[in-house]
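Here is a friendly note for anyone opening this structure for the first time. Please keep the 3D view at hand while you read.

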Amino acid sequence: MDKLIRGHIQKARINSHDTFADALQAALRTLKTQAQKNNDLDSEIKTVLLPAHLQFLVALSSPPDEATFERAEYYLDGLSNPKRPVPGLTWEAILAEEPFEGEHWEGIYPRSTDDQFDAQSGSSTPSLSPWDDSDLDESVTSSIPDIDEDALPPEAAGGIDKPYLPPAAYRHRQDVEDLQARQYWRSEWRTDASTTRAFNIGDASTLGPTMYRILGDQHTNGIAGSSRQKYIHEHDAVREVLMALQGDRNMMLGWLSSGGHAFSFTPNATLKLLHLTAGAQHSILTSFARLATTLQHLRMFVSAIYAKAGKDDRDPDRPMHLLNIYRQSTLTLEAFSAAVDGQLRAFNAWCAAREEDICRAQAGAGEPLVVSLLSLDKTIRDTFSDTFTVILDVVREVTRRAWRTSEPVVDIWTLPELPMKMPPSTFGALLLDSLLVAVQEHVSMGDYVSADALMSVFSGSAEPIWAMVGRWMKDELDDEFFVEDNELPLLDPDFWTDGFVLREEGGDGDAPRRTAVPVFLSSVARSILDAGKAVGLLRVLEIAALLDRDTPGSWMAHWPSFSAILGTARGQLEGSGPASRLLFTSTEDLSQALHDAVWLHCSLAQGTLQRVLVDECDLMLHLSAIESVCLMRRGDAMSHFVDILFTKMDSKQAWNDFHFLNTAFRDVAEAGTHRWVDTSLVRFSHKGSKDKSVNRTVRALDGFSIEYAIPFPLTYVFGPKAMQIYSSIFTLVLQIRRAKSVLERILVRGAMGHASHMASEMKAFYAMRSKLSWFVNTLLNFVATNVLDAEVLRFHKDFRQAVSLNDMIRLHDEHLAKMESRCLLQRNTNALQRAIVSILDMSIHFSDCFVAFAGDTTHDISRHSILVMKRHRSRRVRRQKKDVIGFSQSMQGEADDSSESDSDFDDDRLKANAPEPSFSLGASTMSAPEESFVDRLDKMSSELDALVRFIRRGVESLAAGSGEAAPAFGVFAFALEDWDR
């Protein structure tokens, strides 16, 4: 206290109030002097309690004002100029006066005339000490009736004696004794009811003492307590219980810190109620003890969270990822603690209001009340239901799962002190989900009191994560948010899909991975993620002035709170009765309300990015170029390029050279007047096979790869995986066109057709060529028309309706997957693909067999379409051109001997150098030295028939499925039915 008062003195001097400071210093000095003399200032004030009294007075004091300063001057003036002391009353002065005269006799007897005074006084001398008249009190005056002097005649009124009034000390002593009589907590206090009366069924106050006398003496009831009993009134017991529920010291419930019932309240067995037995009282108080224990555990939990939140637990030596995972306190946990603290404060305020009502009713200033423990218990249940019990159960369950233990958790207040074994975002989602599940359970049971209180706690706990949603959509990421940064570079093609993802926690063993997204945000989490990524990308492109966070009144300038959104939704359903509660307890309705709140912002961000990609990044232009090249939708130019490639292959030159492929494509693409592709962005490459046996098969084209240098940020749509699928489709179409080209070049000179000994063999060759041509043409028509063209048209229609980059990527990936599956390029149709490639290889092998049989009588009918290949032809080539016949001309029976002399190759040499076939059943068609061409054709025809039937059965099974591709495969299966006709 000396330090506190010296502080006030110093403060007064700083404020230039020196007079006030001197008065405080003088008063403190005087007080110390009197205290050292052991001179009690008051009979009720002890020296040891003097600091407490001073502290109480200082706490009640008001700031100094002008009246205080005037009082200080008056006090100092009194110290400087003390008044002369009044002379005391002495026996000498008393004896010098007349008997019973003087001011010192006033108050002992009332004034009256001399005769009346003599008659009242008699011959006795009254005592000079007022303490001898202890029997004089206010009861003396109360027995004298009040006389109205105005109602009496003047002569009578003057003769009535006034009643005797005792000194002030006697009048106040009765008030003190009345107050002490109500202080039931004093050890000497006893109830005014008799505890020794016999049991009376009409008097409830005789039940408790009677039962104690019977059971206590026999020691048959352990809860009867010790032999020393104290009875109190029930309204006093109710006040004590209210104090216990508020966590204050009380007489009815005791807190245990050790033993079997540690950290819990237990009923006090020494205080009894007259109208209750020991068992009944113990049962009632046990119910209050459980509630008080629950409330105290929650208070300790909240205090621990608050204490931890005020500390900085960051360790500079600990890695950042471990710091985030093992952080003891999170924003969601702190918000939850604040919400629980609000509920506890509301409960304390309710208890204080009930105690005030009891005091008012007891003093007669309020409404009359019926105060009892049972009514208090019912009122608490009606007002709060099981709110605090459910909150405690939620905290214990979340703590147990956060610590990954199977044992029940009691000391929940140690949660901030021990490391969590899950990320903060996952812990926050677990806490919010548990609260929402508890709300739904109580709504299903019709307990709307607990549901509303839990929903209030849930709303307060969800505020931090909802604020994180707003900051994320402004391109700010929090460590506790359910979005995770994988730290991929911006130019990575997978940045959009894998750069920022929803957090997930790995499950234990075979358990599924748990997402860190709360259940009520699961329906909008993907939209929130995409909107935040869209805002970030727009800011990188520096073209989104609308989304600038520094612009006043810009987008997301006023992000509503979570409670405001719930309040708006509650206002929309106001007046609908109890059904409106379901909006805040049903996950679907709550998710819909949040979806409506964020949908405008998400659609604006993603729609802006979509328009930028289409209008300013030329997305459709690049898409058209990729389809023209990879899907050969630019038929004229790509046909020229294919003809050049096949000519190079037929001449047995290095056709897979990188420079040749790209130079040929550039020459073809730039030959026309319309520029349909930027050739500087396209790169053809081929990875040659080490197996030399596949050089004369369609498998030689398997290594084809097309690269398109798509500009940023379109790389997110046309990534490396997409270009790989485009390359595989391009390779399949190229292989089909290669087989078609080889079959179309099989011609014979007219003179050779007249040889009668070769007519039957030529018919077999042309029959085989017809079968192969029919299948190849049917396959090419199906792939080009029913797959590529149909899917591209459908894709363009859906692609124009996309409203976000995410939709574009999804539609494009689905489009590629559909084309890949319909082209039989996926893993589940690998057997059909091998069968088709075998037939294509059979076409090339058939061409080689025909050349070995008839010589080089083939002719490339596509050479006229090659603009870049116009060169000088020899006279021999011109003579060969004159002798060419078409496919529709019939074979003549006569032979032309001169044609054999013009052959450029020897038949026997070609037979010996015929390449090995590469189709799947080629081992059966490999020619032996003594095997004739007719035998080869028969084996080849039988194998072709088996392969086609196998493909038809596979396609029919695909057409019979329920997938989206079934109609397309149905068309192909219908076309293959003509094979048997």
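The numbered points below go from the whole chain to single residues.

1. **Confidence.** Please remember that this is a predicted model. The mean pLDDT of the chain is 77, with 73% of the residues at 70 or more. Helix H15 (residues 373-384) has the highest confidence, at 94, while helix H34 (residues 907-912) has the lowest, at a mean of 34.

2. **Stretches to read with care.** The pLDDT falls below 50 over residues 749-754, yet the model gives this stretch 26 contacts beyond near neighbours in sequence. Residues 861-873 also stay under 50, and for them the model has 16 contacts beyond four places in sequence. Where pLDDT is low, the predicted coordinates should not be read in detail.

3. **The chain as a whole.** You will find 36 helices and ten strands in the chain. Of its 981 residues, 41% are buried. Among contacts with a separation of 6 or more, 72% join residues that are 24 or more positions apart.

4. **Helix H2.** Residues 18-36 form helix H2, whose 19 residues reach 27 Å from the first C-alpha to the last, close to the 27 Å expected at 1.5 Å a residue. Which residues of H2 are buried? They are Phe20, Ala21, Ala23, Ala26, Leu28 and Leu31. Their cover includes helix H1 (2-14), helix H3 (50-60) and helix H4 (66-80).

5. **The second largest pocket.** About 990 Å³ of space lies in this pocket. It has 30 lining residues, and those closest to its centre are Ile5, Phe20, Leu24, Ala27 and Val58. H1, H2, H3 and H4 are the elements that each give two or more residues to the lining. H2 supplies the largest share, eight residues. By type, the lining of this pocket holds 19 nonpolar, nine polar and two charged residues. Phe20 is worth a look here: it is one of the buried residues of H2 and one of those closest to the centre of the pocket.

6. **Helix H18.** Does the span of this helix agree or disagree with its number of residues? The 14 residues of H18 (residues 448-461) should span 20 Å at 1.5 Å a residue, and the end C-alpha atoms are 19 Å apart, so the two agree. Buried in H18 are Ser450, Ala451, Ala453, Leu454, Met455, Val457, Phe458, Ser459 and Ser461. As background, an α-helix has 3.6 residues a turn, so residues three or four places apart point the same way.

7. **The second largest cavity.** A search of the whole structure finds eight cavities of 30 Å³ or more. The second largest holds about 60 Å³ of space. Its lining consists of Leu732, Leu779, Phe782, Val783, Arg822, Cys823, Leu824, Gln833, Ile836 and Val837. Helix H29 (759-799) and helix H31 (830-854) are the elements that give two or more residues to this lining. Eight of the lining residues are nonpolar, one is polar and one is charged.

8. **Leu824, in that cavity lining.** Leu824 lies in the loop between helix H30 (805-822) and H31. Its phi is positive, about 60°, although Leu824 is not a glycine. Is Leu824 buried or exposed? Its relative accessibility is 2%, so Leu824 counts as buried, the cut-off being under 20%.

9. **Arg404, for comparison.** Arg404 also has a positive phi, near 55°, and is a residue other than glycine. Its place is in the loop between helix H16 (387-403) and helix H17 (424-444). With a relative accessible area of 38%, Arg404 is partly exposed.

10. **Two buried residues.** Arg769 lies in helix H29 and counts as buried at 10% relative accessibility. Arg769 and Ile746 are 23 residues apart in sequence, with their C-alpha atoms 8.3 Å apart in space. Thr679 sits in the loop between helix H27 (658-669) and strand E9 (682-686). Thr679 counts as buried as well, at 10% relative accessibility. Leaving aside residues up to four places away in sequence, Thr679 touches Phe665, Arg666, Ala669 and Glu670.

11. **A cis peptide bond.** What kind of peptide bond joins Phe712 and Pro713? The bond is cis, with omega about 5°. Pro713 is found in the loop between strand E10 (704-708) and helix H28 (720-744).

Terms used: Residues numbered from 1 in each chain as written. Predicted model: local features only at pLDDT ≥ 70, side-chain atom pairs only at ≥ 80, totals over all residues. Heavy atoms only, no water. pLDDT = per-residue confidence, 0-100. Helix = DSSP H or I, 4+ residues; strand = E, 2+ residues; numbered from the N terminus. Contact = heavy atoms within 4.5 Å. Expected span 1.5 Å × (residues − 1). Buried < 20%, exposed > 50% of the residue type's maximum accessible area, 1.4 Å probe, protein only. 1 Å grid on protein atoms, 1.4 Å probe; cavity = no way out; pocket = protein on both sides within 12 Å on 5 of 7 lines; lining within 4 Å. Points joined across faces, edges and corners; volume = space filled by probe spheres on them. Nonpolar A, V, L, I, M, F, W, Y, C, P; charged D, E, K, R; others polar.
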